[in-house]
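Here are a few short exercises to work through with the model open beside you. Try each task before reading its solution.

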Amino acid sequence: VSLDFFSDICIPGHLMQFGTVRGEDGRWALKTEDGDELHLDTDDEIRFLVSSIKYPPIPVEQKEDDKPFAPMQINGSIKGDGLGLLAWWAA
């Protein structure tokens, strides 16, 4: 998830709406009771709830192939009413 100015936000699979699955094409989709699939694309706007914030220690050394250091990491949840893709709740 990205807020344009901050991109170290992760939503783990267990904190997604019940019925959300990853398709063969790599996109996440919410399977409804009717059998429809509501796809979640990378540029879609979502509502999420912050479930945890971590401030990892600053590494003394960093290897060249390591991910860039993130001074703050946020875990979020889209599991709940009103959370997730805005289009899921429109109407």
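**Exercise 1.** In this predicted model, is glycine 19 buried, partly exposed or exposed? Then place glycine 19 in the chain and list its contacts.

*Solution.* Start with the cut-offs: buried means under 20% relative accessible area, and exposed means over 50%. Glycine 19 has a relative accessibility of 26%, so it counts as partly exposed. Next, find its place: glycine 19 belongs to the loop that links strand E1 (9-10) with strand E2 (20-22). Leaving aside residues up to four places away in sequence, glycine 19 touches Ala29, Leu30 and Lys31. Finally, a distance to check: 8.9 Å separates its C-alpha atom from that of glutamate 33, 14 residues apart along the chain.

**Exercise 2.** In what order do the three strands of the open sheet lie, and which stand at the edges?

*Solution.* The order is E2-E3-E4, with antiparallel pairing. E2 and strand E4 (37-40) each have a single partner strand, so they stand at the edges and one side of each lacks a neighbour in the sheet. On average, neighbouring strands here are turned by 30° against each other, direction ignored. Now look at one pair: strand E3 (residues 28-31) and E4 are joined by four bridges. In one pairing, tryptophan 28 has leucine 40 in E4 as its bridge partner.

**Exercise 3.** Which residues does glutamate 37 touch, not counting residues up to four places away in sequence?

*Solution.* First locate glutamate 37: it is in strand E4. With that sequence filter, its contacts are Ala29, Leu30 and Lys31. Glutamate 37 is partly exposed, at 41% relative accessible area. For a last check, the C-alpha atoms of glutamate 37 and lysine 54 are separated by 33 Å.

How values were computed: Residues numbered from 1 in each chain as written. Predicted model: local features only at pLDDT ≥ 70, side-chain atom pairs only at ≥ 80, totals over all residues. Heavy atoms only, no water. Helix = DSSP H or I, 4+ residues; strand = E, 2+ residues; numbered from the N terminus. Buried < 20%, exposed > 50% of the residue type's maximum accessible area, 1.4 Å probe, protein only. Contact = heavy atoms within 4.5 Å. Pairing = 2+ DSSP bridges. Axes fitted to C-alpha atoms, helices over the stretch in contact; angles between N-to-C directions.
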